[in-house]
Amino acid sequence: MPEGDTVWRAARGLHTALAGAELTRTDFRVPRFATTDLSGRAVEEVVSRGKHLLIRIAPGPGEAEGWSIHSHLKMEGLWHVYGRGERWRRPAFKARAVLETADKQAVGFELGILRVFPRSGEEEAVGYLGPDLLGPDWDAAEALRRLASVPERPLGLALLDQQNLAGIGNVYRCELCFLAGVHPLTPIQDVPDLERIVDLSKRLLEANKARSRRITTGLAGRDPLWVYNREKRGCLRCGTKVVHELVGDTELELRDLYYCPHCQPALG
């Protein structure tokens, strides 16, 4: 699942392939931007912002500011980098963006969000996000303040809210609650050491950002996760049957939740 570490790796790969190069062709396969052409402009950098990815393009002749290509992978999206003429590993009909340089092709497949706008539009697109766990703006104190600002909200929902801290997805929220020994539906005001959870969030994403396989147990073998998706195998620590529920702020936002009722007992 694309969480902050996955998007960070995607941004790093695209930056390595594209930064400093001139775009020879751009093809945006969504109706709103189908006629947008950024060819002839140089790629300045590619950065991640939580689960969002920004490809920053230099201004063209006579333009006052540069451009941003904003994408969000959602559940199915991904970016591939190919050599010119290399066969794509995904069907062409799933491509939503194609960026070409003299020797590379970057192709975005099944992107959940794809937008192109002047650089000044970044604030509207991603300015609402909280401190980025893998970004230069990381501010643990601000993340803690935002989480604590709604004390009655369950921890498992607050961690997924990208306005609190950016980069945590469903896998990390389940694993973080387990590692903290906290039931995910515990209200923020009753979490015994919220500061530790914020610190652990940062350490987990940093540890995993360069890995192709996400690990929270410290074990690189068969069992990289403690409770996530383990309802049929049991808690990796104690063997208790892992509970699987669907939880969200609304019915449209329901997400899989996994926890161990023995290691993470409910309050009361």
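Me: Buried means under 20% relative accessible area, exposed means over 50%, and partly exposed covers what lies in between. In this predicted model, why is Glu45 called partly exposed?

Reply: The relative accessibility of Glu45 is 29%. Partly exposed is the class between 20% and 50%, so Glu45 counts as partly exposed at its 29%.

Me: Why does Arg56 count as buried?

Reply: Arg56 has 18% relative accessibility. The cut-off for buried is under 20%, therefore Arg56 counts as buried.

Me: What makes the contact of Arg56 and Glu45 a salt bridge?

Reply: The rule asks for a side-chain nitrogen of Lys or Arg within 4 Å of a carboxyl oxygen of Asp or Glu. Between the side chains of Arg56 and Glu45 the N to O distance is 2.7 Å, so the pair meets the rule. Arg56 lies in strand E3 and Glu45 in strand E2, eleven residues apart, and the pair links distant parts of the chain.

Me: How do you know that strands E2 and E3 pair?

Reply: At least two bridges found by DSSP are needed. E2 (residues 43–49) and E3 (residues 52–57) have six, in the antiparallel sense, so they count as paired. Val47 stands opposite Leu54 in E3. The hairpin of E2 and E3 has two residues between the strands, and Gly50 takes a positive phi near 65° there.

Me: What makes Glu44 and Arg119 a salt bridge?

Reply: Their side chains meet at 2.9 Å, N to O, and the limit is within 4 Å, so the pair qualifies. It links distant parts of the chain: Glu44 is in strand E2, while Arg119 is in the loop between strand E8 (113–118) and helix H2 (122–126), 75 residues apart. Glu44 counts as partly exposed at 40% relative accessibility, and Arg119 counts as partly exposed at 22%.

Me: Why are Lys202 and Glu206 separated by about one helical turn?

Reply: Because both are in helix H6 (residues 194–208) and are four residues apart. They also form a salt bridge, with the closest N and O atoms 2.8 Å apart.

Me: Is Lys202 buried or partly exposed, and why?

Reply: Lys202 has a relative accessible area of 19%. The cut-off for buried is under 20%, so Lys202 is buried. Its partner Glu206 has 29% and is therefore partly exposed.

Me: Which residues are joined into one network by salt bridges that share partners?

Reply: Arg25, Asp27, Arg29, Arg84 and Glu100.

Me: How many salt bridges does the rule give?

Reply: The count comes to 21.

Notes:
Residues are numbered from 1 along each chain as its sequence is written. This is a predicted model: local features need pLDDT of at least 70, side-chain atom pairs count only at pLDDT 80 or more; totals for chains, interfaces and linings use all residues. Side-chain values use heavy atoms; hydrogens and water are left out. Buried means under 20% relative accessible area, exposed over 50%, partly exposed in between (1.4 Å probe, protein chains only).
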